[in-house]
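Biologist: I should like to understand how the descriptions of a model follow from its values. May we take them one at a time?

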Protein chains: 2
Amino acid sequence: MTQTSSQDATAESLTLAETSAPSRRELNKAATRSSIASAALDLLRSNGPGNFTVEDIAATAGVSRRTFFNYFPSLEAALASVADGFMDHALEQFRLRPAEESILESAQAALMALADPMSVAPMAELFSLTQDNRQLARSELEAWEHCTAQIIDAARSRLGEGISELYLHALAGSVISCGKAAMTVWFIERGPDLSAESLAVLRQHLIDAMGLLGAGFAPPSNAFSTATTASPSVPTTKDRF
Amino acid sequence: MTQTSSQDATAESLTLAETSAPSRRELNKAATRSSIASAALDLLRSNGPGNFTVEDIAATAGVSRRTFFNYFPSLEAALASVADGFMDHALEQFRLRPAEESILESAQAALMALADPMSVAPMAELFSLTQDNRQLARSELEAWEHCTAQIIDAARSRLGEGISELYLHALAGSVISCGKAAMTVWFIERGPDLSAESLAVLRQHLIDAMGLLGAGFAPPSNAFSTATTASPSVPTTKDRF
DNA sequence: TGCAAGTTTGCACTGTGCGCAATTTTGAGC
DNA sequence: GCTCAAAATTGCGCACAGTGCAAACTTGCA
């Protein structure tokens, strides 16, 4: 969330410095960072949540405890970097969508672009492993929140500065909530099943959730349909923007 | 959020809440609990976030450090109990709404019922004091999340068991997001201003946010009456200014 | 090659969270 | 009133989180 070093294309540095400045030092740092993160994920897998310490992670990654804290402010942050990767990927997809498309459609497309095993697997794994742990679940919430903030920025620049902040916040928050809902329900239904069939379900949930949002959650009666066919795209009430 | 057995610290609502077991012991526990929570809030006020310890809270509340941990699992949890009180209050209002009303209307009404100084003041204060603190912000997120779960339950029992889980999760999440957005924007605009005029702004934001949600976030600059006949909910008064 | 800047590490210290057992308080029955 | 068991509080110890600091080490550039 905070310490995702890679995508901080904020104020001062140019975008091209980002793309073509893989100095030796930077590469080493990135490697260390990712080795710490994957060590944390390994331990989460093998030991389960709450059953390993920062010292364990550091040892597994081959660095000192102190170095761990140079990279991540907490154990949870190291794991959250996995979720951050997923979210950043989604944001990237979102920003690539054509500007004339509606926010909801862009969000739908961006989320669906991630419904492949390569992208969703680590996220789903985190999801399953953090279900019953307070600290870890909090980090996950923070990652979603961070993503919401990014969407607000992206939507603001797309819709123009004159747009109401309330509109931006409410829209971005709702989009993220629906994405989260789709993943949550998918996980409840399928568990950590990453088969193509299961991912199709996730994909459909994402479509449906955005559809519900675009329709203002209007007819609860419609929501009974598990009809996976009846959601071609974000509904019609808003395709004028 | 977890341990909200007797959610209200302030004096008045004990009468109707504690009908079942007002034993002496329970009352004492509740008193201790609330004295710890308010000690925490006092210290947050006077010292600022991150500048006091559990030991300080315990001392202020007149109990031992260990006793603090008997009541709250962490410093943040003690502060979060304030937010929990607010949320629980909102949930209570929500459940009191007539069953035939739409979820959005009920949510709007419930949130608006809390837009009075008595209810919103502690929440707003927390909001302002936790803005720049990781741990505390996380607790706040968790409180919202907990409230979402409650809404899901309430909505499920209102709409019937047959309703799709995706619908429930997406709806509840979006409602909470919009409430959160309204408060966030309000706070950005007005800071911790609790005047009647300021609260009217908050109230209007809550109305507007639910209106946007009910209208599927139709293009903002559009007057847009009657998106669909199926969405009679929440009068779309977003053209008020 | 040498040096300045950047990175890793050990050390020390404060604080968290919780298990455990001793101690005190409480409330109900006698 | 008194007694006693249940419940609450407390002190203590322990493992672990996080952070400042300075010493050691590595990297890149002149």
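Modeller: Certainly. The model is predicted. In it, a polar side-chain atom of Thr67(A) lies 2.6 Å from a phosphate oxygen of DNA strand C.

Biologist: What makes that pair of Thr67(A) and a phosphate oxygen a polar contact?

Modeller: A polar contact requires N or O atoms within 3.5 Å. The value for Thr67(A) is 2.6 Å, so the pair qualifies.

Biologist: Which atoms of DNA strand C do Arg65(B) and Arg66(B) approach?

Modeller: An N or O atom in the side chain of Arg65(B) is 3.1 Å from a base nitrogen of DNA strand C. For Arg66(B), the partner is a base oxygen, at 2.6 Å. Both values are within 3.5 Å, so both pairs are polar contacts.

Biologist: Which elements give two or more residues to the surface near DNA strand C?

Modeller: They are helix 2 (24-47) and helix 4 (65-71) of chain A, and helix 2 (24-47) and helix 4 (65-71) of chain B. Helix 4 of chain A gives the most, with four residues.

Biologist: How many residues of each class does that surface near DNA strand C have?

Modeller: There are six nonpolar, six polar and seven charged residues.

Biologist: Why is the relation between chain A and chain B called a two-fold axis?

Modeller: A rotation of 180° with 0.0 Å of shift along its axis superposes chain B on chain A, with an RMSD of 0.1 Å. That is the relation of a two-fold axis, which is why the name applies. The same surface serves both copies, as 83% of the contact residues of chain B recur in chain A.

Conventions:
Residues are numbered from 1 along each chain as its sequence is written. Chains are lettered from A and ligands numbered from 1 in the order in which they are written. This is a predicted model: local features need pLDDT of at least 70, side-chain atom pairs count only at pLDDT 80 or more; totals for chains, interfaces and linings use all residues. Side-chain values use heavy atoms; hydrogens and water are left out. A polar contact is a pair of N or O atoms within 3.5 Å; within protein, one must be able to donate a hydrogen and the other to accept it, and residues adjacent in sequence count only if both atoms are side-chain atoms. Ala, Val, Leu, Ile, Met, Phe, Trp, Tyr, Cys and Pro count as nonpolar, Asp, Glu, Lys and Arg as charged, and the others, Gly among them, as polar. Copies are superposed by least squares on the C-alpha atoms of residues with pLDDT of at least 70 in both. Contact means heavy atoms within 4.5 Å.
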